[in-house]
Amino acid sequence: MNISLDSGGELLEPAVDLGCELKQTVYDCLYLCLAVELSSRQVTAYQRSYQSIRDTPLSDSIEWVGRLVLP
């Protein structure tokens, strides 16, 4: 498993902007911005956050934890 660390500093401004737009916390939006930056997906169990993003152009960057299929 590869683990990388990211300070998130360069993501702060976009996360603030996104948080204002979606009415979400900057904390939650930092994870989403990181997922976008890494061309990945954020997996969440926070329903309010998921619902606010699922019908936006960022919907490919978030995944509801209940939809994951585990072996």
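## Group meeting: salt bridges, rings and a two-sided helix

The side chains of Arg67 and Glu63 meet in a salt bridge, with 3.5 Å from N to O. I start there since other contacts can be picked up from Glu63. One caution before going on: this is a predicted model.

Glu63 also forms a salt bridge with Arg41, and here the closest N and O atoms are 3.3 Å apart. Glu63 sits in strand S2 and Arg41 in the loop between H2 and S1, so this pair ties together parts that are 22 residues apart in sequence. How exposed are the three residues? Glu63 is buried, with a relative accessible area of 11%. Arg41 is partly exposed at 47%, and Arg67 is exposed at 57%. Through shared partners, the salt bridges join Arg41, Glu63 and Arg67 into one network.

A search of the whole structure finds three salt bridges. Besides those made by Glu63, there is one between the side chains of Arg54 and Asp55, at 4.0 Å from N to O. Arg54 is partly exposed, with a relative accessible area of 41%, while Asp55 is exposed at 70%.

Next, Ser61. You will find Ser61 in the loop between helix H3, residues 47–53, and strand S2, residues 62–64. Is Ser61 buried or exposed? At 11% relative accessibility, Ser61 counts as buried, because the limit for that word is under 20%. Leaving out residues up to four places away in sequence, Ser61 touches Leu32, Ala35, Val36, Ser40, Arg41 and Gln42. Arg41 is thus on the list of contacts of Ser61 as well as in the salt bridge with Glu63. By contrast, Ser61 and Arg48 are 13 residues apart in sequence and 15 Å apart in space, C-alpha to C-alpha.

Now the aromatic rings. The structure holds two aromatic pairs. Tyr27 and Tyr31 form an edge-to-face pair, 5.3 Å centre to centre, with 80 degrees between the planes. Why can these two meet within one helix? They are four residues apart in helix H2, which means a separation of about one helical turn. As a general point, an α-helix has 3.6 residues a turn, so residues three or four places apart point the same way. Tyr27 is exposed, with a relative accessible area of 56%, and Tyr31 is partly exposed at 44%.

Tyr50 and Trp64 form a tilted aromatic pair, 5.5 Å centre to centre, with 45 degrees between the planes. This pair links distant parts of the chain: Tyr50 is in helix H3, Trp64 is in strand S2, and they are 14 residues apart. Tyr50 counts as buried at 14% relative accessibility. Trp64 is partly exposed, with a relative accessible area of 23%.

On to helix H1. Which residues of H1, residues 12–22, are buried? They are Ala15, Leu18, Gly19 and Leu22. These residues cover an arc of only 105 degrees around the axis, so they lie on the same side of H1. On the other side of H1, Glu13, Cys20 and Glu21 are exposed. The cover over the buried residues of H1 includes helix H2, residues 26–37, and H3.

What comes after H1? The helix is followed by Lys23, whose phi is positive, near 60 degrees. Lys23 has this positive phi although it is not a glycine. Lys23 lies in the loop between H1 and H2 and is exposed, with a relative accessible area of 63%.

Ser39 is another residue to look at for its backbone. Phi of Ser39 is near 50 degrees, a positive value in a residue other than glycine. Ser39 is found in the loop between H2 and strand S1, residues 42–44, and is exposed, with a relative accessible area of 71%.

Last, the surface. Val43, Val65, Leu68 and Leu70 make a nonpolar surface patch of about 360 Å². Among them, Val43 has its place in strand S1 and is partly exposed, with a relative accessible area of 45%.

To go back to the start: if you look at one residue in the model, try Glu63. Glu63 is buried, and Glu63 is joined with Arg41 and Arg67 in one salt-bridge network.

Notes: Residues numbered from 1 in each chain as written. Heavy atoms only, no water. Buried < 20%, exposed > 50% of the residue type's maximum accessible area, 1.4 Å probe, protein only. Contact = heavy atoms within 4.5 Å. Arc of directions from axis to C-beta. Phe/Tyr/Trp six-rings, centres within 6.5 Å; stacked < 30°, edge-to-face > 60°. Patch = residues over 30% accessible without salt bridge, like charges linked within 9 Å, V, L, I, M, F, W, Y side chains within 5 Å. Areas by Shrake-Rupley, 256 points an atom, 1.4 Å probe, with all protein chains shown as cover.
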